[in-house]
Amino acid sequence: MSDTTQKETRAFQTEVRQLLDLMIHSLYSNKEIFLRELISNASDAADKLRFAALANDALYEGDPNLEIRVVFDSEARTVTVSDNGIGMNREEVMANIGTIAQSGTKEFMQSLSGEQVKDAHLIGQFGVGFYSAFVVADKVTLLTRRAGDPVDAGVRWESAGDGEYTLETVEQAAHGTSVILHLREDEKEFLDGWRLRSVIRKFSDHVSWPIMMLTKETAAPDEAEEKEAATDEDKGEESADKAAAAEPVEKWEKVNRASALWTRPKSEITEEEYTEFYKHVAHDFEEPLAHLHVRLEGKYEYTLLLYLPQRAPFDLWDRERKHGVKLYVRRVFIMEGAEELMPRYLRFVRGLIDTTDLPLNVSREILQKNQVVEAIRKGAVGKVYGLLEELAEKEPEKYQTLWKTFGKVLKEGIIEDYANKARLAKLLRFASTHTDAEAQTVSLADYIARMKPEQEKIYYVTGETHVAARKSPHLEIFRKKGLEVLLLSDRVDEWFVSHLHEFEGKSLQSVTKGDLDLGKLDDEEQKKDREETENRFKDLVTRIKTALGETVKEVRTTHRLVDSPSCLVGGEYDMSATMERILKDAGQEIPGAKRILEVNPDHALLLRLQAETEGQRFDDLCHILFNQALLCEGGQIEDPADFVRRLNNLL
Ligand code: ADP
């Protein structure tokens with residue numbers, strides 16, 4: 001294989017190009033984070049090699065001391081970050097570095113407004129990664145070879161970040177990856193050992209692999225000593241240094257603490273360290289909302305360092321997404337995104353679980369149906385609940401942020417996690433007619449506290465949008481009687497309420513289903529009144545049913561309505577109209593249950609109908625009565641032209 005046939009120029013995905021542009025502008029004021037991102041990748045690569053080598057230690061190629069090296073070259077104007085980790089082969093370089101594989105990228109791109117200032121904050125949501133190199137570099141060269149591959153299967157990737165990159169097969173003596181940044185003219189500040197060191201200490205101190213820097217200090221011995229003493233904790237190494245300090249020295253020196261953060265006592269870890277670790281472990285650009293760090297020592301021994309993010313990653317709804325909770329066994333990284341450790345509805349939780357009770361060679365297969373894993377998962381989920389409850393109680397604003405972002409995901413738990421249903425139900429938040437506001441802030445406990453003494457049920461209405469739910473004619477009687485109704489308009493709501501039958505002994509009741517039975521809220525007199533009305537309208541109701549024919553299942557008078565002339569009601573066990581529409585939108589063929597038309601006997605339109613004899617006009621009025629009700633609940637009229645014709649007849 002000759003190099004020339006192997007060299008090719010390729011174009012970045014369009015998305016990558018757009019992203020690069022945006023990134024360079026939005027990260028400019030924060031540009032030193034490129035180092036954090038590259039070190040983070042190098043650390044992941046070392047983690048991966050250590051794990052792969054458990055099964056095959058030949059992969060170390062005789063070099064088991066994994067570490068990360070950062071060097072700079074003032075003359076060449078380069079900064080290089082190298083690792084002796086897993087490395088990549090040609091296909092992997094193409095798949096990982098020139099494309100953004102995750103689905104959801106397109107949607108993310110579409111959400112951009114095109115105005116760089118406005119879009120700047122969105123970049124954090126996307127994750128920054130390798131491309132941040134282009135914030136400080138006008139050319140980036142990546143040299144890599146996958147551990148275990150032959151020496152001539154190395155890869156050289158290079159790009160000026162202008163839409164193209166070249167790819168070439170080269171010889172690489174060592175496995176692992178080096179990223180060489182050719183700094184822009186005005187980024188010389190990074191050609192300085194002190195500057196690089198301080199950035200590494202600030203952002204990457206927690207990285208568990210040693211980060212080594214070559215000290216090339218040629219400064220006067222006194223000055224060098226002072227600087228060392230002020231910043232370095234490694235006094236031991238330093239004293240050995242002093243003797244040689246008169247001569248310019250060149251040696252590798254560990255810059256970070258290089259111990260696993262989660263193994264240190266909580267009291268010794270600062271908030272900043274927790275935050276930086278989060279950014280590393282979650283590949284997030286922003287600070288987390290909250291974290292928990294506990295060591296459990298019951299039947300099984302494990303440590304949890306878990307975080308709740310502020311913002312949803314752009315691929316929250318992507319089933320293949322990879323960054324979840326990482327599993328470590330005795331500090332050795334094993335795998336990420338282990339679903340066995342955190343249920344799907346808590347997939348927004350980030351961080352890690354480290355245990356001593358699993359074998360190092362644990363595989364996905366072993367994880368499934370494993371007693372230890374199950375116990376750890378149960379413990380971890382319990383702690384996450386604890387954290388959520390604490391936030392909800394003590395920091396409701398933060399909880400509101402979390403709910404706004406992840407509430408829809410949490411609700412899936414009502415369907416998925418039977419054991420925790422009651423506990424989760426307490427964490428749910430809703431919009432309600434109490435304030436009519438769109439923000440979901442009302443808990444079921446709040447609702448119960450406001451219930452009327454005679455009220456037995458928790459009422460709710462579903463709609464496709466908040467406004468549709470809020471304006472539902474079904475609410476009229478509830479508003480009149482001052483009864484609170486929960487307003488549900490998230491897509492998942494239809495499913496989840498069908499799994500939440502009760503809360504603390506009170507059953508949940510849709511206001512659009514079945515006969516409206518207000519139980520003790522109705523007094524005897526009203527009931528009598530209604531019977532009377534029913535009799536009075538018996539004849540009219542039959543005539544309306546005849547006019548509408550098979551369009552409706554039944555016509556009856558109602559006491560749900562105050563201002564509207566009519567509404568549609570489903571049978572107690574029928575699928576709701578909102579659910580029907582969701583399924584139809586999803587392309588499912590469903591027969592569609594016939595609805596009951598309820599008419600308001602107190603409405604002027606009814607009185608007019610009563611005075612009307614059979615004929616075209618009566619027919620038109622009946623159809624309009626039905627179609628209005630359909631429109632009000634967000635439904636679609638089957639024959640709009642017919643509806644308009646009838647309307648015009650009357651006008
Ligand atoms: P992220 O790290 O958020 O996935 P990046 O753009 O930083 O995104 O990296 C993309 C992928 O490229 C990584 O997931 C990894 O598979 C690969 N990669 C990046 N740097 C290295 C490295 N130093 N060694 C091995 N693989 C790497």
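**Exercise 1. Work out how helix 24 and helix 25 are oriented to each other, and which residues join them.**

*Step 1: orientation.* Helix 24 (residues 616-632) and helix 25 (residues 640-650) pack at about 125 degrees, and their axes are 9 Å apart. Axes here are lines fitted to C-alpha atoms, for helices over the stretch in contact, with angles running from 0 to 180 degrees between N-to-C directions. Angles under 35 degrees count as roughly parallel, over 145 as roughly antiparallel, 65 to 115 as roughly perpendicular and the rest as oblique. Helix 24 and helix 25 are therefore oblique to each other.

*Step 2: handedness.* The crossing of helix 24 past helix 25 is left-handed. That term applies if the near helix is turned anticlockwise from the far one by less than a right angle; clockwise gives right-handed.

*Step 3: residues.* From helix 24 come Gln-616, Arg-617, Asp-619, Asp-620, Leu-621, His-623, Ile-624, Asn-627 and Leu-631, which meet Phe-643, Arg-646, Leu-647, Asn-649 and Leu-650 of helix 25. Contact means heavy atoms within 4.5 Å. By class, this contact of helix 24 with helix 25 divides into 6 nonpolar, 4 polar and 4 charged residues. Ala, Val, Leu, Ile, Met, Phe, Trp, Tyr, Cys and Pro count as nonpolar, Asp, Glu, Lys and Arg as charged, and the others, Gly among them, as polar.

*A note on the model.* This is a predicted model, in which local features need pLDDT of at least 70 and side-chain atom pairs count only at pLDDT 80 or more, while totals for chains, interfaces and linings use all residues. Residues are numbered from 1 along each chain as its sequence is written, and side-chain values use heavy atoms, with hydrogens and water left out.

**Exercise 2. Repeat the analysis for helix 23 and helix 24.**

*Step 1: orientation.* Helix 23 (residues 604-611) packs on helix 24 at about 155 degrees, with the axes 10 Å apart. Helix 23 and helix 24 are therefore roughly antiparallel to each other.

*Step 2: handedness.* Helix 23 passes helix 24 in a left-handed crossing.

*Step 3: residues.* Leu-605, Leu-606, Arg-608 and Leu-609 of helix 23 meet Arg-617, Phe-618, Leu-621, Cys-622 and Leu-625 of helix 24. This contact of helix 23 with helix 24 has 7 nonpolar, no polar and 2 charged residues.

**Exercise 3. Describe the crossing of helix 3 and helix 12, then place Ser-43 in its surroundings.**

*Step 1: geometry.* The axes of helix 3 (residues 33-55) and helix 12 (residues 271-282) come within 9 Å and cross at roughly 65 degrees. Helix 3 passes helix 12 in a right-handed crossing.

*Step 2: residues.* Arg-36, Ser-40, Ser-43 and Asp-44 of helix 3 make the contact with Glu-276, Lys-279 and His-280 of helix 12. Sorted by class, the contact of helix 3 with helix 12 has no nonpolar, 3 polar and 4 charged residues.

*Step 3: Ser-43.* Ser-43, part of helix 3, counts as buried at 2% relative accessibility. Buried means under 20% relative accessible area, exposed over 50% and partly exposed in between (1.4 Å probe, protein chains only). Setting aside neighbours within four places in sequence, Ser-43 is in contact with Ile-68, Val-207, Trp-209 and His-280.

**Exercise 4. Is each of Thr-80, Gly-87 and Val-497 buried or exposed, and what does each one touch?**

*Step 1: Thr-80.* This residue is found in strand 3 (residues 78-83). Helices (H or I, at least four residues) and strands (E, at least two) are DSSP runs, numbered from the N terminus. Thr-80 is buried, with a relative accessible area of 12%. Apart from neighbours within four places in sequence, its contacts include Arg-69, Val-71 and Ser-178.

*Step 2: Gly-87.* Gly-87 lies in the loop between strand 3 and helix 4 (90-96) and is buried at 5%. Its C-alpha atom is 5.6 Å from that of Thr-144, 57 residues apart along the chain. Thr-144 is also one of its contacts beyond four places in sequence, as is Gly-176.

*Step 3: Val-497.* Val-497 sits in helix 20 (residues 493-497) and is buried, with a relative accessible area of 7%. Not counting residues up to four places away in sequence, Val-497 touches Tyr-460 and Leu-488.

**Exercise 5. Summarise the whole protein: how many helices and strands are there, and what share of residues is buried?**

*Step 1: elements.* The secondary structure comes to 25 helices and 22 strands.

*Step 2: burial.* Of the 651 residues, 53% are buried.
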